Amino acid sequence: MQLIAKNNELKVIECNVRVSRSFPFVSKTLDFDFVALATRVIVGHTDIEPVEVMYGRGLVGVKVPQFSFSRLAGADVMLGVEMASTGEVACFGENRYEAYLKAMMSTGFQIPKKSILLSIGSYKHKMELLPSIRILEKMGYKLYASMGTGDFYTEHGVEVDKYFRGRLW
């Protein structure tokens, strides 16, 4: 079972009979043994009480993909919509930023030294990241961005070079 939390509510996004790598990871993140609970349900126990798991361990858990091209010389670096990875890395942090950075660094990701490519989805996320993007600009990073992201940050006074289909625009 894979869960997603949004607005302090859990939703099931995938449910399989097998136990995937996500199952124990979610159990560790939420500090509840879902494997034991599932086993009890499967063998017919009916005395199962609801359990509050939304507060977990007070940590954020993040999984990021580990792609072949970062580990195998000569592997194709083009990603398609399927996002096929050869593995994943899971890490915990005090917040989503710390957990994500730990996970990315565990895959071999290195903090950029000169330039950064930005491609940020929603208006909400662009606004949320605006203070951080301004800090990156002040730190001297050369910022590149996809068209929509570049337009947004340019409109907010951040110097960004825009890319469209792999070319500077």
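Colleague: What makes a residue nonpolar here?
Modeller: Ala, Val, Leu, Ile, Met, Phe, Trp, Tyr, Cys and Pro count as nonpolar. Note that this is a predicted model.

Colleague: How do the residues of the lining of the largest cavity divide into nonpolar, polar and charged?
Modeller: Met1, Leu3, Phe23, Val26 and Phe34 line that cavity. Met, Leu, Phe and Val count as nonpolar. So the lining has 5 nonpolar residues, no polar and no charged ones.

Colleague: How much space lies in the largest cavity?
Modeller: About 30 Å³. The count comes to 1 cavity of 30 Å³ or more.

Colleague: Why is serine 27 called buried?
Modeller: Buried means under 20% relative accessible area. Serine 27 has 10%, so serine 27 is buried. Its place is in helix H1, residues 22-30.

Colleague: What makes the serine 27 and phenylalanine 34 pair a polar contact?
Modeller: A polar atom of the serine 27 side chain lies 3.1 Å from the backbone nitrogen of phenylalanine 34. The cut-off is within 3.5 Å, so the distance fits. Phe34 also lines the largest cavity.

Colleague: How do you know that E5 and E6 pair?
Modeller: Pairing needs at least two bridges. 4 bridges join E5 to E6, so the strands pair. They run parallel. Serine 115 stands opposite lysine 142 in E6.

Colleague: Which side chains of E5, residues 115-118, are buried?
Modeller: Ile116 and Leu118, which point to one face. Ser115 and Leu117 point to the other face and are not buried.

Colleague: What do E5, helix H4 and E6 make?
Modeller: A right-handed β-α-β unit. Helix H4 covers residues 123-138, and E6 covers residues 142-146.

Technical notes:
Residues numbered from 1 in each chain as written. Predicted model: local features only at pLDDT ≥ 70, side-chain atom pairs only at ≥ 80, totals over all residues. Heavy atoms only, no water. 1 Å grid on protein atoms, 1.4 Å probe; cavity = no way out; pocket = protein on both sides within 12 Å on 5 of 7 lines; lining within 4 Å. Points joined across faces, edges and corners; volume = space filled by probe spheres on them. Buried < 20%, exposed > 50% of the residue type's maximum accessible area, 1.4 Å probe, protein only. Helix = DSSP H or I, 4+ residues; strand = E, 2+ residues; numbered from the N terminus. Right-handed = clockwise from strand over helix to strand, strands pointing away. Polar contact = N/O pair within 3.5 Å; in protein donor to acceptor, adjacent residues only side chain to side chain.
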